[in-house]
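Q: Hey, could we go through this structure together? I'd like to talk about charged pairs, the pocket and the DNA.
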Amino acid sequence: MTRILPQSFYARSALGVAPDLLGCRVVREMDGQHLSGRIVEVEAYLGAEDAASHAYRGPTSRSQVMFGPAGYAYVYLIYGIHHCLNVVTGEEGQGGAVLIRALEPVFGAEIMQKGRGQEDVRNLSNGPGKLCQALGIDKTLNAHDLTAGTELWLETGNRPPESIYTSPRIGVRGDEAALSAPWRFYLQGNAHISPTPFNQNGSLWK
DNA sequence: GTCAAGATTAGT
DNA sequence: CTAATCTTGACG
């Protein structure tokens, strides 16, 4: 029984995929070693109806992978400095994805820390840019097939998620609907979620 | 071609 | 609060 999440897992609305990703693992295979983390925070982005989404204005050279088949990685560079990892969801042509925002290190925390001084494990992957740095994820993995089981993939976790909370998404621009939509999902109280005031006023989702 | 803005983070 | 740093995408 394989634990790798199949294409069918991704082939539905980002709003359905996002909460289901909590508790799952991201696995990175590098230099013959495996690094992995448990997903503790995500955000859903839709297509034409979501002003905060890169897919809002239709496909562009950057966002085209979002319009492709589900189960592929969408990796982009933000602020010229940080990479962000998303998984493409939904039907081809719709343009949906889920941003992986924070991980709880499972394997290879020592390697993730390499070259970053003596950093507390809890601050290693508690943000979208930091988790990509920790796992060595950059644009070379854009459009990578996450169901193939090579280099980078997602698999089911061992432990069920704690209480799932929702809040508005962090750092987004757009219209009022996009700013207020409660499409950030996170494990309330987990030590590895990203630091934000929203953590104080989220609401129980399930 | 030009240019402002960005799904962030670390440091003052 | 602001700098860092560079790609993208909108516009002309």
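Q: Let's start with E104: is it buried or exposed?
A: E104 is buried: its relative accessible area is 14%, under the 20% cut-off. Keep in mind that this is a predicted model.

Q: Got it. Which residue does E104 meet in a salt bridge?
A: That would be R159, with an N to O distance of 3.1 Å between the side chains. The two come from distant parts of the chain: E104 sits in strand β5, R159 in the loop between β6 and β7, and 55 residues separate them.

Q: And how accessible is R159?
A: R159 has a relative accessibility of 42%, so it counts as partly exposed.

Q: What network of salt bridges is R159 linked in?
A: A network that joins R38, E104, R159 and E162. Within it, R38 and E162 form a salt bridge, and their closest N and O atoms are 2.7 Å apart. That pair links distant parts of the chain as well, with R38 in strand β2 (residues 33–45) and E162 in the loop between β6 (152–155) and β7 (164–167), 124 residues apart.

Q: Are R38 and E162 buried or exposed?
A: R38 counts as buried because its relative accessibility is 3%. E162 is at 31%, so it counts as partly exposed.

Q: What about E41, which residue does its side chain meet?
A: The side chain of E41 meets that of R101 in a salt bridge, at 2.7 Å from N to O. E41 is in strand β2 and R101 in strand β5 (residues 96–107), so this pair ties together parts that lie 60 residues apart in sequence.

Q: How buried are those two?
A: E41 has a relative accessible area of 0% and is buried. R101 is buried too, with 8%.

Q: How many salt bridges does the count come to?
A: The count comes to nine.

Q: Switching topic: what volume does the largest pocket have?
A: About 690 Å³. Its lining is made up of 28 residues, and Y45, Y76, I78, I170 and G171 are the ones nearest the centre.

Q: Which elements give two or more residues to that lining?
A: Strands β2, β3 (73–78), β4 (82–89) and β5, together with helix α4 (128–135).

Q: And how does the pocket lining split by class?
A: The lining has 14 nonpolar residues, nine polar and five charged.

Q: Now the DNA. Which residues are around strand C?
A: Around DNA strand C you find R57, T60, S61, R62, S63, L77, Y79, G80, I81 and K139. By class, the residues of that surface divide into three nonpolar, four polar and three charged.

Q: Which parts of the DNA do those contacts involve, backbone or bases?
A: Taking the atoms of DNA strand C within 4 Å of the protein, 71% belong to sugar or phosphate, and the rest belong to bases.

Q: Where do polar side-chain atoms lie relative to phosphate oxygens of strand C?
A: S61 has a polar side-chain atom 3.0 Å from a phosphate oxygen of DNA strand C. K139 likewise places a polar side-chain atom 3.2 Å from a phosphate oxygen of that strand.

Q: And R62, which of its atoms lies by a phosphate oxygen?
A: For R62, a backbone N or O atom lies 3.3 Å from a phosphate oxygen of DNA strand C.

Key: Residues numbered from 1 in each chain as written. Chains lettered and ligands numbered in written order. Predicted model: local features only at pLDDT ≥ 70, side-chain atom pairs only at ≥ 80, totals over all residues. Heavy atoms only, no water. Near = heavy atom within 4 Å. Polar contact = N/O pair within 3.5 Å; in protein donor to acceptor, adjacent residues only side chain to side chain. Nonpolar A, V, L, I, M, F, W, Y, C, P; charged D, E, K, R; others polar. Salt bridge = Lys/Arg side-chain N within 4 Å of Asp/Glu carboxyl O. Helix = DSSP H or I, 4+ residues; strand = E, 2+ residues; numbered from the N terminus. Buried < 20%, exposed > 50% of the residue type's maximum accessible area, 1.4 Å probe, protein only. 1 Å grid on protein atoms, 1.4 Å probe; cavity = no way out; pocket = protein on both sides within 12 Å on 5 of 7 lines; lining within 4 Å. Points joined across faces, edges and corners; volume = space filled by probe spheres on them.
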